[in-house]
Each structure stands twice: as C-alpha cells, then as structure tokens.
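What follows is a walk through one protein chain, from its overall form to its interior and then to a few local features. Keep the model in view while reading.

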Amino acid sequence: MDSRVRVRFAPSPTGYLHIGGVRTALFNWLWAKRNGGAFILRIEDTDQERSTPENERIILDSMRWLGLDWQEGPDVGGPNGPYRQMERLPIYAEFVEKLIGAKAAYRCYCTKEELDQQREALKKADPKAQFRYPGTCRDRTDRPDLPFVVRFRAPSEGVVTYRDKVFGEVTTPNSSQQDAVLVRKDGVPLYNLGSVVDDITMGITLVARGRDHMINTPPQILLYEALGAKVPEFAHLPMMLNQKGEKLSKRDGAVSVTEYRDLGVPPAGLLNYLVRFGWSYGDEEIFSLPDLTQKFDWERCGKGDGKFDQKKLTATVFEHLKQPALTSDDAYVAGVTPFLAARGLSASEPAIRAALPLYRERGQTFKESAELMDYLFRDPPELDEKARQKMLTPEKAPILADVATLLEGATDFTPAALDATFQAFLTERGLVMKDVAQPMRVALTGRTASPGLFEVAALLGKERSVARLRQAATQAAG
C-alpha cells in the first residue's frame, strides 16, 4: 500500500444520491485531487432489504454526471476489492476471528427475547435509564451450537482522544461505550466493523464525513487499536439543514442529484454551491472545479451547520451559466440540447451556438434556456393566446405586412443593419417603435418578452422572419 492520500466515499444503494452525500464526496474528492491521491468509491450494501442494483446504478451515474471520478470502485475494480460489502463477508469473518482471538470481541448467545425482557425490567425500574448490554456472555468459554452475534469487548476505563481536522481535539470517555454488536447472526457486519475493516484493507488515510458520524468515531478508533492498525485522520463536516434548522429531506424540495440533473442544473454549479457548506475562501463565492482543487484545504472549513437556500443555489448556478470561463460554449450546447429534444425540437449545434449570446444572461438552467429558445427552432412558434388577442389586432395587420415586405427587401440581415432600416421605415411612416415593437415580437416569437427584435430576426434568418410576419398579419386581419 503506498503512502499517498487515500480517501473514500461509501454510499448505501438504498435510494437516490442525496446532495448531502455529494458534499461529503466532493470534499474527499478535492482532497485527493489536491494531493495527487486516490479517491475510492465503495458500496455499503449490507441493508439487503433496501439495497438494489438499480440504486447502485443511479449512484454511479450521478457521480459520473457530477464529474467526481474515482480510481477504485465496483465498476473499475482495483487492488483492494471487492468494493461491495456483501462481496467482502469472508474478509470481515477473518478480522472478527482475529478480534475474538485477541479477546477484544466475543460471541454473544443472548436471544432477542432475553434482551427485550431485560430492557423492559430496566424501563420499569427507571423509565429514563438507557439500556446497556450487561456483558452476560463476556466470559463464556463454551461454544454451544446456537445462533450468536459478535460483540466488541469495550474498555470501561480511559478515554479516546483524536484531533479532528475540522473540530479540533475531541475526547470521549470509554465509560460511555458499551459492548456493541459487530456482526449479526447471519454474518453480516454492522456499520462500525464493516467501515473499519474496509478502511484498513483499502489503506484509507483520512475519513471525511458528516458530523452526525462523530458518535461512531470513538468505537471505530477502539477497533483500529484492537486490530493493531494505524488509525486514519478524521474530518467531520457540518450538517446541511433546512430553513427550520432540521436535517434536509425530500419534503424540503429537490435533494437528489438526479432531480437537479433533470432540472437542467449544470453539475459544476451544483458542486460550487455545495462546497460552500462548511468551506470558504475569503469573499470568493464562484469557483470552477480546477480552481477548487487548488484552493481546498481543511483549515478553511468551519464548524457551523448551514441552511439550504434555494435562491442562493439558483444564483450560483446562474453565474456558472453566464460565464463562458465556467460553462464553455461546447458545454452549454451539450447541456441544453437534451432539453430542446425533450420539447420535440431538433436543433443543430451551430444554431444553438449562435443563440447563446442572447440566452446566457437569461436562462437560469439549461432547461429554462431550452424553453426560452423554443421559438427559434419551432415553426410556427407556439403563440401565447393572450398576446395574440392583445397584439395581433386588425389595425396592426397592415403594419405587420409592411414590415414583412421591408425585411424581405433587406440586403444586410445583421442586427445593426436591420435596426437602421427599421428606423428609416418608422420615420417615413410617422410611427414610433412602441407602435410596432410588440406586435412584431409576438409575430416572431409568439411571446411578449424576448431578446432584442433585430437579434431575434437575425437568428431566425430572412425567410423565416418574413414568413412569421406575414402569417401574423393574416391572423391579425381575421
């Protein structure tokens, strides 16, 4: 095993990939990238009732969409596999035997009914008391042919102290520990054992995760020590909360990666927002991924939990879409094309690219940009009924017909030339822009709001612009 930084992200395939999990993955990924280390993806699938291959596929696809690549994992393999916990049961069994042999763990034959009776008796004696396993099987030397779990022999004296890279020194008295179950009767490990064994065998040098896992760290350190293994560093991250200060959940809106992808949020914009939960870099708020890999460190991480702010997310994403340095033209075209296709529109790459200058400052997501661009690629454009009734009136029909003739005769169809031609037309007719602009806009776009008329006409081209104006004139005439 080499000495480089090795970090991991270990989701459970029991559902979608939560953005809170993405924030954890991102911090680990950035630390690996900055240090030239390895980012490992492993699947904690011991919840066999809820874990499914489909959920695993969704997680892997979500990670790929985000651009958080991994060097070892269930799909790419690696020297420390398997990378699914249910494929690692023999490995856990080997470590458990080592713990039992060192008298750091023992087989417990107590039945669920026996333990339930003890809990009930304690509750009657003291309703506020917390049940702790009394160590009934601690000193048993026999091995009856009965089902058993394996428990850790927790020390009752001393303390566990470690230096968290975010929270500083943390000390927990061993008197607060108990003989927790390490392995169920079916041989499947519980979280603490599975996580520790995986981290040991995969050479993990830093465990970075949400602060809700701080309760697991002391018993895990005791396991490392009992196994004679080097204890990794730890970094616990502040929580992502909703506006009420509660743990962020689906009732608070979109929380899965796939939902944001389907909304047309660019992955770099989403990651930019998530990195600000627990990390800052002076007054800077907008970052590219390469930028973050240069600037990220643990010293700039804070301890305070953050509240999810949809408006802030929207603003961050919008900044990414507006800046070509953050979302290149190629990336923008690739991002908006599927949403145009979903609207039944076939748009060429050059046509979309030509439209970008008009929509970078308008569309807050790829999906919204596709909606705004719709009329450029749909013939005829979808006509807003209220706009039609208000703007395409009989008295506007002759003007629209004249404008169609005017544009048909234009030899230069650039926005500046069209503007000059149109101004001369208005002066000749004794009209002002407001007399013609909105009917013309509705004719060209089907809407009352759009970018500049002449920019739109230039994008549509002469033939389509003239055809739309003539059709509108006909509709207006009734």
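A residue is called buried here if its relative accessible area is under 20%. By that criterion, 48% of the 478 residues in the protein chain are buried. The model is a predicted one.

The protein chain contains 19 helices and eleven strands. Its C-alpha trace spans about 105 × 50 × 35 Å along the principal axes. The radius of gyration is 31 Å, whereas a compact globule of 478 residues would have one near 23 Å. As for contacts, consider those between residues at least 6 apart in sequence: 74% of them join residues at least 24 apart.

The interior comes next. The largest nonpolar core has 99 residues, and W298 and M440 are the residues with the most contacts inside it. Helix α1, residues 19-34, supplies the largest share of this core, with nine residues. Another core lies apart from it and has 31 residues, including F95, F152, L193 and M214.

What does W298 touch, leaving aside its neighbours within four places in sequence? Its contacts are F27, W31, K165, V166, L206, A208, A235 and L237. Two of these partners return in an aromatic cluster: F27 and W31 belong to it together with W279, Y281, F287, F296 and W298. F27 also has a charged neighbour, as R23 lies over the face of its ring at 5.6 Å from the ring centre. A second arrangement of this kind involves R151, which lies over the face of Y133, at 3.7 Å from the ring centre.

Across the whole structure, a search finds 15 aromatic pairs. Why is the pair of Y273 and F308 edge-to-face? The ring centres of Y273 and F308 are 5.4 Å apart, and planes over 60 degrees apart count as edge-to-face; the planes of this pair are at 85°, so it falls in that class. The two residues are 35 apart in the chain, and the pair links distant parts of it. Y273 sits in helix α8, residues 267-275, while F308 is in the loop between β11 (306-307) and α10 (310-322). Y273 counts as buried because its relative accessibility is 5%, and F308 counts as buried because its own is 7%.

The cysteines can be taken next. How many disulfides does a search of the whole structure find? The search finds zero. A disulfide is a covalent bond between the sulfur atoms of two cysteines. C137 is in no disulfide, and the nearest cysteine sulfur, that of C110, is 3.7 Å away. The cut-off for a disulfide is 2.5 Å between the sulfur atoms, so the 3.7 Å between the sulfurs of C137 and C110 does not qualify. C137 is buried, with a relative accessible area of 3%. C301 also counts as buried, because its relative accessibility is 11%.

Helix α6 closes the tour. This helix covers residues 217-226 and is mostly covered, with eight of its ten residues buried. The buried ones are T217, P218, P219, Q220, I221, L222, L223 and Y224. Just after α6, G228 takes a positive phi of about 70°.

Conventions
Residues are numbered from 1 along each chain as its sequence is written. This is a predicted model: local features need pLDDT of at least 70, side-chain atom pairs count only at pLDDT 80 or more; totals for chains, interfaces and linings use all residues. Side-chain values use heavy atoms; hydrogens and water are left out. Rings of Phe, Tyr and Trp (its six-membered ring) pair if their centres lie within 6.5 Å; planes under 30 degrees apart count as stacked, over 60 as edge-to-face and the rest as tilted. Helices (H or I, at least four residues) and strands (E, at least two) are DSSP runs, numbered from the N terminus. Buried means under 20% relative accessible area, exposed over 50%, partly exposed in between (1.4 Å probe, protein chains only). A charge sits over a ring if NZ of Lys or CZ of Arg is within 6 Å of the ring centre and within 35 degrees of the ring normal. A nonpolar core is a set of buried Ala, Val, Leu, Ile, Met, Phe, Trp, Tyr and Cys residues joined through side-chain atoms within 4.5 Å. Contact means heavy atoms within 4.5 Å. The radius of gyration is taken over C-alpha atoms; the globule rule is 2.2 Å times the number of residues to the power 0.38.
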